[in-house]
Every structure is written in structure tokens, then in C-alpha cells.
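Got the sequence and the 3D view open? Let's take a walk through this protein, starting from the inside and working our way out.

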Amino acid sequence: AFTLWRPLIDERLAAKSVVAQANVESRQAYWSAALRMAADHPVLGVGPGRFGIESREYILNDPINITNPVAHNAYLEVLAEGGLPTLIAFVAFLAGSWRLTVRARNRMRAREDADGLRLVAAVQAALVASVVAANFLSVQVTVPMWLLGGIAAVLAFERR
């Protein structure tokens, strides 16, 4: 089957390779634009939700040419839209959320609550996945990060 369909498979792989390369170049252009926006507006940024609008002036080489792009990096998008103080607050929120899950894990361990430990481990795993995914996605991971922070707070201060 592979021998018979090899030309088709080779053609599809070549097409995917071209798209993948354009995607990489596009993300580099967006990340570079976000850094230039942040350099031009370091304190207040360009404003919430304005990356796509302002990006027309900052994106130099976009092979995909999206009309209203996102930065494809939550941290760079927060930096560009809100400035350095907002990025610091966002990272502090994530670090605080992690500390709350550690606090909850210690409380669950002291109570020997196996279900609670599993729940905290799930929240920590989701938080780690969101923090890592935020390097490659923007809009898709910000809502789960806020929700996970809320869950971490509930777990840390929950009383039986």
C-alpha cells in the first residue's frame, strides 16, 4: 500500500512541510511584533485586545497574512497589550496559584485525604500544562489559567 500510494503520500508531506514552515515564520513575526510593541509602550502597552489592530504597524514579514492576528504567546501578548507591570502581575498570579496548590497539597497530606491529594495533583498538572501551552497559544489558555487560579484558592482555603 505504501509503495502504491507513495507519490500521494510524498505530495501531502511536502505540502504540510510548506505550511509548517509558513506557520513558524508567522509566529516569529508575531513574537517580534509583540516585543517591538512592548518596547514602544512599556508601561501601559497598546491596550487590552489591541494586538491584532496595532500589529499592522509592527509585523514585517508575515507569510500567512492574517487580518487580525494574535501573538501566539500569552506572555508576549500580555506584555504588548498591558505593558511590563501587567506581565509582572500575570506571572505573579501564576506563581501565587502554584503556591496555593502547594499549600492545599500540604493540608491534604496532613489530613491524609487521598481524594484531595488527587484533586490537587490534577490542578497542578493542568496549571503546568497551561503555563507551558501559553508559550505557543494566546487566547485559548488565558481563561483556564484564571479558572485554575480560582480552584487553587478554593483548595488552599477549603475547610471541612
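Let's start with Phe90 in this predicted model: leaving aside neighbours within four places in sequence, Phe90 is in contact with Tyr75, Val78, Met145 and Trp146. Phe90 also belongs to the largest nonpolar core, a set of 23 residues, and is one of those that touch the most other members. The points below go from the cores to some single residues, then to the charged pairs and a patch on the surface.

**The nonpolar cores**

- Which residues touch the most other members of the largest core? They are Met37, Phe51, Tyr75, Phe90, Ala134 and Met145.
- Three elements give two or more residues to this core: α1, α3 (residues 74-111) and α5 (residues 139-157).
- Helix α3 supplies the largest share, with 9 residues.
- There's also a second, separate core of 10 residues, and Val123, Ala152, Leu155 and Ala156 are among them.
- As a bit of background, nonpolar side chains in soluble globular proteins tend to be buried together.

**Two buried residues in helix α4**

- Leu127 sits in helix α4, which covers residues 114-133.
- Is Leu127 buried or exposed? Leu127 counts as buried because its relative accessibility is just 2%, and the cut-off for buried is under 20%.
- Not counting residues up to four places away in sequence, Leu127 touches Leu94, Ser97, Trp98 and Leu148.
- Try finding Leu147 as well: Leu127 and Leu147 are 20 residues apart in sequence, and their C-alpha atoms are 9.7 Å apart in space.
- Gln124 is in helix α4 too, and with 9% relative accessibility Gln124 counts as buried.
- Setting aside neighbours within four places in sequence, the contacts of Gln124 are Trp98, Thr101, Val102 and Arg105.
- So Trp98 turns up twice, as a contact of Leu127 and as a contact of Gln124.

**A proline in a loop**

- Where is Pro69? Look in the loop between α2 (residues 51-54) and α3.
- Being in a loop doesn't put Pro69 out in the open here: Pro69 is buried, with a relative accessible area of 5%.
- Apart from neighbours within four places in sequence, Pro69 is in contact with Tyr30, Phe51, Gly52, Ser55 and Ile59.
- One of these contacts, Phe51, is also on the list of residues that touch the most other members of the largest core.
- Pro69 and Arg56 are 13 residues apart in sequence and 9.3 Å apart in space, going from C-alpha to C-alpha.

**Charged pairs**

- How many salt bridges does a search of the whole structure find? The search finds 3.
- The general idea is that side chains of opposite charge can pair when their charged atoms come close.
- Glu54 pairs with Arg50, and their closest N and O atoms are 2.6 Å apart. Glu54 counts as buried at 17% relative accessibility, while Arg50 is partly exposed at 32%.
- Asp113 and Arg111 form a salt bridge through their side chains, at 3.5 Å from N to O. Asp113 is buried at 9% relative accessibility, whereas Arg111 counts as partly exposed at 31%.
- Arg118 forms a salt bridge with Asp115, with the closest N and O atoms 2.4 Å apart. Both residues lie in helix α4, 3 residues apart, which is about one turn of the helix.
- Arg118 and Asp115 are out on show: Arg118 counts as exposed at 52% relative accessibility, and Asp115 counts as exposed at 55%.

**Helix α1 and the surface**

- Helix α1 covers residues 2-40, and Trp5 is one of its residues.
- Which residues join Trp5 in a nonpolar patch on the surface? They are Leu4, Leu8, Ile9 and Leu13, and the patch has about 530 Å² of accessible area together.
- Asn23 is in helix α1 as well, and Asn23 counts as partly exposed, with a relative accessible area of 33%.
- Asn23 and Asp62 are 39 residues apart in sequence, yet their C-alpha atoms are 9.2 Å apart in space.

Technical notes
Residues are numbered from 1 along each chain as its sequence is written. This is a predicted model: local features need pLDDT of at least 70, side-chain atom pairs count only at pLDDT 80 or more; totals for chains, interfaces and linings use all residues. Side-chain values use heavy atoms; hydrogens and water are left out. Patches are made of residues with over 30% relative accessible area and no salt bridge: like charges are joined within 9 Å, nonpolar side chains (Val, Leu, Ile, Met, Phe, Trp, Tyr) within 5 Å. Accessible areas come from the Shrake-Rupley method with a 1.4 Å probe; for residues, only the protein chains shown count as cover. A salt bridge is a side-chain nitrogen of Lys or Arg within 4 Å of a carboxyl oxygen of Asp or Glu. Helices (H or I, at least four residues) and strands (E, at least two) are DSSP runs, numbered from the N terminus. A nonpolar core is a set of buried Ala, Val, Leu, Ile, Met, Phe, Trp, Tyr and Cys residues joined through side-chain atoms within 4.5 Å. Buried means under 20% relative accessible area, exposed over 50%, partly exposed in between (1.4 Å probe, protein chains only). Contact means heavy atoms within 4.5 Å.
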